[in-house]
Amino acid sequence: MRSKIYLFGDSLTEESFGDGGWGASLANYFSRAADVVLRGYSGYNTRWALKVIDKVFPLESESPAAVTVFFGANDACLPDRCSAFQHVPIDEYQQNLRSIVSFIKKRWPTTNVLLTTPPPINEDARLLYPFVENTLGLPERTNEAAGAYAKSCIEVAGEFNVLVVDLWTKMQQFPDWKKAYLRDGLHLTPGGNHVVFEEVLRKLKEAGVSLETLPVDLPLIAEIDPADPLKAFQN
C-alpha cells in the first residue's frame, strides 16, 4: 500500500496545494512513493483543531509515514485587536500542541510528526489586509508575538523528540523576507512556499522519509523489459 503524508494546519496549509504551494511541491516530489493528503483549515487555531482532530484523522490500519502540524499564526493574534476571536493564550497553545502530538503518536506510534512554527509577521502589511473590520488601526498580529509562539512550538518538539521547522527564524535570515516570502504580511508568496517545501523536505529526509526509503507501489518504466513487458506485473 502506498504511504501517506498528512498536512494538518491552518490557511498556510490549506493554501499549500495552490500553484507553487509547498504542499503541491511535496505531492509532486513524492508522486510515485506517497500520497500527500491535505488537511488545512483556514482561520483555525489549536483550540479548534483539537475539537475536530478525531474527524481529521480517521483510524486506519496503516500508519502514515509522517504528519506535519502547522499551527500558531492564528493562536498568536493579539487578544485586544480585531482578530481577538482567533487568539489562544500561549500557555494553552503549547498545551494544545502537546495534545495534538500525543493524539497522533498514540494512534500511530511509528509515524513521524513534524511541527512547523508560525512564520514571521510583516506588521505594516497586515494593516492593509485585515480579516475583519480594524477600527483600532493596529495590526492584529505582531512579529514579536509570533516569535514567542514559535519558541513555544520548538519547546514542544523538544519535549516529544519530534521534528520541527523553525520557520520564524529561517525566513528572517533573508534580508528582504517581508516582501520576498509574505504576500500580505502573513500568507506565503511562491518564494515563501519554496522555503517551507525545502525545510519540510529536509526534515523528512532526516527522519528517513525519502524517495530512497519509500517503496513505489507499481513497477517503474525502467523496470519493464521491452522484450517482455508483462513480466514486470507478475509479482
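Q: What makes the pair of Glu-206 and Lys-203 a salt bridge?
A: The closest N and O atoms of Glu-206 and Lys-203 are 3.8 Å apart. A salt bridge needs a side-chain nitrogen of Lys or Arg within 4 Å of a carboxyl oxygen of Asp or Glu, so this pair qualifies. This is a predicted model, where local features need pLDDT of at least 70 and side-chain atom pairs count only at pLDDT 80 or more, while totals for chains, interfaces and linings use all residues. Residues are numbered from 1 along each chain as its sequence is written, and side-chain values use heavy atoms, leaving out hydrogens and water.

Q: Where do Glu-206 and Lys-203 lie?
A: Both belong to helix H9 (residues 190-206), three residues apart, about one turn of the helix. Helices (H or I, at least four residues) and strands (E, at least two) are DSSP runs, numbered from the N terminus. An α-helix has 3.6 residues a turn, so residues three or four places apart point the same way.

Q: Why is Lys-203 called buried?
A: Lys-203 has a relative accessible area of 17%. Buried means under 20%, exposed over 50% and partly exposed in between (1.4 Å probe, protein chains only), so Lys-203 counts as buried. Lys-203 also belongs to a network of salt bridges with shared partners, along with Lys-170, Glu-199, Arg-202 and Glu-206.

Q: How do you know that the side chains of Arg-98 and Glu-159 meet in a salt bridge?
A: Their N-to-O distance is 2.7 Å, which fits the rule we met above. Arg-98 lies in helix H4 and Glu-159 in helix H6, so the pair ties together parts that are 61 residues apart in sequence. Glu-159 is partly exposed, because its relative accessible area is 46%, whereas Arg-98 is among the buried residues of H4.

Q: What makes the side chains of Arg-2 and Asp-35 count as a salt bridge?
A: Here the N-to-O value is 3.7 Å. Arg-2 sits in the segment before E1 and Asp-35 in strand E2, 33 residues apart, so the pair links distant parts of the chain. Arg-2 is partly exposed at 23% relative accessible area, and Asp-35 is partly exposed at 34%. By this rule, the count comes to 13 salt bridges.

Q: How do you know that the span of helix H4 agrees with its 18 residues?
A: The expected span is 1.5 Å times one less than the number of residues. For H4 (residues 90-107) that gives 26 Å, and the end C-alpha atoms are 26 Å apart, which agrees.

Q: Why is Gln-94 called buried?
A: Gln-94, found in helix H4, has 10% relative accessibility and therefore counts as buried. Leaving aside residues up to four places away in sequence, Gln-94 touches Ser-152, Glu-155 and Val-156, where contact means heavy atoms within 4.5 Å.

Q: Why does Val-69 count as buried?
A: Val-69 counts as buried because its relative accessibility is 1%. Val-69 lies in strand E3 (residues 66-70), and the residues Val-69 touches include Phe-8, Leu-97, Ile-100 and Ile-104. Fittingly, E3 is one of the elements covering the buried residues of H4.

Q: What makes E1 and E2 pair?
A: Two strands pair if DSSP finds at least two bridges between them. E1 and E2 have seven bridges, in the parallel sense, so they pass. One of the partners is Val-36 in E2, matched with Ile-5. Five strands form an open sheet in the order E2-E1-E3-E4-E5. E2 (34-40) and E5 (163-165) are the edge strands, each pairing on one side only.
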